[in-house]
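Here are my notes on the structure, set out as numbered points. Please read them with the coordinates open.

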2 protein chains.
Amino acid sequence: MAKSEKRDEIVRATMELIAEFGFHDAPIAAIAARANVGAGTIYRYFANKDVLINEIYLEIEERLMAHILEGYRSERPVRERFLHLGVGVLSYFIRNPAEFHYFEQFHISPYGGAFRRERLLERTEYRDVFMVLFQDGTAQQVVKNLPLMMLFSLLFGPLFTVAREHLLGFVPLDDQLIETVVTTCWDAIRQ
Amino acid sequence: MAKSEKRDEIVRATMELIAEFGFHDAPIAAIAARANVGAGTIYRYFANKDVLINEIYLEIEERLMAHILEGYRSERPVRERFLHLGVGVLSYFIRNPAEFHYFEQFHISPYGGAFRRERLLERTEYRDVFMVLFQDGTAQQVVKNLPLMMLFSLLFGPLFTVAREHLLGFVPLDDQLIETVVTTCWDAIRQ
DNA sequence: CAATTAGGAGTGAACGTTCACTCCTAATCA
DNA sequence: TGATTAGGAGTGAACGTTCACTCCTAATTG
């Protein structure tokens, strides 16, 4: 196994276990077993469990961004960009359940709150692309004039909730319905 | 202290600690200390920690329902009922931060998934009032013809996300903006 | 063969849970 | 009515278990 393969296995194993059992029930011993490495090996790649947990979040964010920015054209109309990004987020997560559950649990837990507070002033690709989109939208008066974070919430709230319901088996999602959900979110924020 | 006062103190302490530190960092010792009871006392009221955690969720749900059903008139038009319930949920949670954070963490964690699966076939006041509302809406063709759980998601997704952003200090919410958020959700689901 | 990396038994701390005991209240008795 | 006893809620030290993390040996690499 190549060096970075081991790191990847640890990340994958941790993500899967926390997605399935939660932060409170994913001990290092279980992570090591699922990753097929020794417990000590984990500490060669990560200073401690908290660092591991935080880094996984960053990795998921990166992969998600890479996916939704594929084919994204910032010169297109606001509505088209909105649909592209919304569909991108939703389709990525329902194709990657473990990443989704991990992402959500992290985001809602005190980890997520602390993380976002530290990041408040940082510029991130993640924030920028959505910020620019919504700013364009309000400037062109095609989007309601609401606080930026509220527009965020009106997109991500439904997306995450629908993804969760789908993954729990409470609502069937296909490409057609994904499109419908995002269009419906657009109906909410459009002027 | 009357008998049930102790139970209430335990519930309150657990809720606050889990809201602030998460499931993984709210040990029984800390709960007992904050509730001003002995550790053993907790086990006179709850069989074990898992039972305690699940019962608190039920209690929050009850209190929330009691709040939003106050003044609810099921004979009024769909839009008016929708606004009443939406505003009720959002205003309850931003006035009760610990309950909100607890509710969210529970809901998104594996606890929540297991809980909802067990409950699938049960009838609950909670489900009924929203189900009837959305059924009326689609029957009267004032609401989009979408799966019930998707209509749920299009209301609760934004509400919870906005509440979270507000409680983390990322968006200021007043009665005026609460009304705006719910109206905006209505724009999403209305035909 | 030296240097680096991996492994997993070992470690002390912290965990949920228990249990022998202490009050305090209220029923019973003289 | 005052004295005695019974009952049960409350307690926190103690228990066995599990945890995150360390450290020394073994394996691998160049």
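The points below start with the symmetry and then turn to chain A.

1. First, a caveat. This is a predicted model. Please read every value below as computed from that prediction.

2. How are the two copies related? A turn of 180° lays chain B on chain A, with a shift of 0.0 Å along the axis. The RMSD of that superposition is 0.0 Å. The relation is therefore that of a two-fold axis. Both copies use the same surface: of the contact residues of chain B, 100% recur in chain A.

3. Next, the fold content. Chain A holds 10 helices and 0 strands. Read from the N terminus, its elements run α-α-α-α-α-α-α-α-α-α.

4. Then the dimensions. The C-alpha trace of chain A spans about 55 × 40 × 30 Å along its principal axes.

5. On packing, chain A has 191 residues, and 52% of them are buried. Buried here means under 20% relative accessible area. How far apart in sequence are the residues that touch? Take the contacts in chain A between residues at least 6 apart in sequence: 69% of these join residues at least 24 apart.

6. The surface comes next. Chain A exposes about 8700 Å². Carbon and sulfur atoms supply 51% of that area.

7. Last, charge. How many positive and negative side chains does chain A have? There are 21 positive and 26 negative ones. The centres of the two sets lie 3 Å apart.

Conventions:
Residues numbered from 1 in each chain as written. Chains lettered and ligands numbered in written order. Predicted model: local features only at pLDDT ≥ 70, side-chain atom pairs only at ≥ 80, totals over all residues. Heavy atoms only, no water. Least-squares fit on C-alpha atoms with pLDDT ≥ 70 in both. Contact = heavy atoms within 4.5 Å. Helix = DSSP H or I, 4+ residues; strand = E, 2+ residues; numbered from the N terminus. Buried < 20%, exposed > 50% of the residue type's maximum accessible area, 1.4 Å probe, protein only. Areas by Shrake-Rupley, 256 points an atom, 1.4 Å probe, with all protein chains shown as cover. Lys, Arg positive; Asp, Glu negative; His and termini not counted. Charge placed at Lys NZ, Arg CZ, Asp CG, Glu CD.
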